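Biologist: I'd love a close look at one part of this model. Could you pick a single residue, tell me what surrounds it, and then work outwards from there?

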Amino acid sequence: MSAVLFFIAGFGAIAGATGVVVLRDPFFSVLALVGHLISLAILFLLLRAEFVAAVQVVVYAGAVMVLYVFVVAYVGDQSESLQARLRGAAGNGLGGHGSIGSDLRLGGVILGGALLVELLIALLGTGLGAINSKGAGYNPGRVGTESFGTAAYIGNLLLTRFLLAFEAASFLLLIAAVGAVVLAGRRGGLDNEEGASGRAGRERILDLPRPQGTGTMAEGVGGPRR
Amino acid sequence: MSIAWYLAVSAIVFSLGVVGVITRRNPLVVLLCLELMLNGANLALVAFSRMWGNGDGQILALIVMTVAACEVCIGLGMIVAIHRRRLPIDVDELRELQG
């Protein structure tokens with residue numbers, strides 16, 4: 001059963017990764033990555049890492065991918081096809097520029113293949129004997145102690161042995177949030193555009209004709225009559 | 001399944017991420033392929049954690065997820081800033097720092 005589940009999830013993970021690399025439209029790439037992440041979460045579950053699997057689904061496939069979808073929708077996907085068309089025209093005209101790009105692309109594929117072969121050689125020729133086992137002993141559901149990979153186990157480790165890394169990660173998140181606001185924020189444009197139009201709109205509302213005999217709150221406290 | 005199978009899947013995913021980072025031109029897709037590489041590393045970390053029966057690898061995987069979230073945050077902010085300045089969304093065109 002676990003072997004069947006492993007092959008399904010592993011195939012899904014590799015197919016999702018291939019889809020991210022191959023698909024033209026960035027939106028479909030994001031959707032392929034969501035499928036990849038969910039398959040990876042199943043692999044984590046098979047490795048008894050239930051908390052990491054839950055974080056993977058909630059944080060990655062939930063929050064981060066929604067961020068990606070929003071940015072893809074904001075930026076639009078017309079840029080790649082347009083650029084490719086322009087580049088193709090320029091390459092045909094100049095005769096050399098496009099071929100350099102395709103050479104680089106072929107080199108990238110060759111480099112990736114070589115890296116994969118090297119990693120697999122390292123995997124096959126390793127001296128680690130435990131790599132061919134199913135992992136260390138695991139006894140689920142023991143009462144009184146946290147079993148491996150549960151939220152209690154991870155939380156215990158994070159707040160005792162890895163407290164410094166935990167705090168550093170929280171600082172990193174804070175810095176990244178501030179940096180994203182600074183990078184993507186509107187620089188000084190808010191006061192000039194929306195503030196001015198808002199003030200003008202307010203004056204226009206106050207200048208509307210008022211029925212005779214009615215006053216404003218400003219007049220009630222002795223302000224100027226408008 | 002033995003741990004080596006998980007490591008093989010991790011190696012394949014990592015290599016696919018490398019190929020994507022090198023060959024794709026849209027910075028959004030480059031960021032997605034960086035995620036692929038980090039996920040391949042995460043899978044290897046969790047597999048080794050299972051192999052030794054030790055939780056340290058899972059903690060490192062969680063920290064890697066945090067770093068990936070920060071990287072996505074900054075990267076998407078930069079893409080939005082590039083888009084707002086009407087610059088092309090293409091890593092081959094954005095070569096001003098290169099001189």
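Modeller: Setting aside neighbours within four places in sequence, B:V21 is in contact with B:V30, B:C33 and B:L34. Please keep in mind that this is a predicted model. B:V21 sits in helix α1 of chain B, and it counts as buried because 20 C-beta neighbours lie inside 10 Å; the cut-off for buried is 20 or more. One further pair is worth a look: B:M37 is 16 residues away from B:V21 in sequence, while their C-alpha atoms are 9.2 Å apart in space.

Now follow B:C33, one of the residues that B:V21 contacts, across to the other chain. B:C33 also takes part in a contact between helices, in which B:L32, B:C33 and B:L36 of α2(B) meet A:A17, A:V20 and A:V21 of α1(A). The two helices are α1 of chain A, residues 2–22, and α2 of chain B, residues 27–52; their axes are 9 Å apart and the packing angle is about 155°. An angle over 145 degrees counts as roughly antiparallel, so that is how α1(A) runs relative to α2(B). The crossing of α1(A) past α2(B) is left-handed. As for character, the residues of this contact are six nonpolar, with no polar and no charged ones.

Step back to the chains themselves. Their contact takes 68 residues from chain A and 61 from chain B. On chain B, the side touching chain A draws at least two residues from each of α1 (3–23), α2 and α3 (56–84). Here α3(B) has the largest share, at 20 residues. By type, this side of chain B has 43 nonpolar, 14 polar and four charged residues.

Finally, let's turn to the largest nonpolar core. It holds 66 residues, and those touching the most other members are A:L43, A:F44, B:L32, B:L43, B:V46 and B:A47. You will recognise B:L32 from the contact of α2(B) with α1(A). Two or more residues come from each of α1, α2 (26–46), α3 (50–75) and α6 (151–160) in chain A, and from each of α1, α2 and α3 in chain B. The biggest contribution is from α2(B), which gives 14 residues. For a last close-up, take A:F44: apart from neighbours within four places in sequence, A:F44 is in contact with A:A49, A:V52, A:A53 and A:Q56, and also with B:V46 of the other chain.

Note on methods: Residues are numbered from 1 along each chain as its sequence is written. Chains are lettered from A and ligands numbered from 1 in the order in which they are written. This is a predicted model: local features need pLDDT of at least 70, side-chain atom pairs count only at pLDDT 80 or more; totals for chains, interfaces and linings use all residues. Axes are lines fitted to C-alpha atoms, for helices over the stretch in contact, and angles run from 0 to 180 degrees between N-to-C directions. Helices (H or I, at least four residues) and strands (E, at least two) are DSSP runs, numbered from the N terminus. Angles under 35 degrees count as roughly parallel, over 145 as roughly antiparallel, 65 to 115 as roughly perpendicular and the rest as oblique. A crossing is left-handed if the near helix is turned anticlockwise from the far one by less than a right angle, and right-handed if clockwise. Two residues are in contact if their C-beta atoms, placed from the backbone, lie within 7 Å. Ala, Val, Leu, Ile, Met, Phe, Trp, Tyr, Cys and Pro count as nonpolar, Asp, Glu, Lys and Arg as charged, and the others, Gly among them, as polar. A nonpolar core is a set of buried Ala, Val, Leu, Ile, Met, Phe, Trp, Tyr and Cys residues joined through C-beta atoms within 7 Å. A residue is buried if 20 or more other C-beta atoms lie within 10 Å of its own, exposed if 12 or fewer, and partly exposed in between; C-beta atoms are placed from the backbone.
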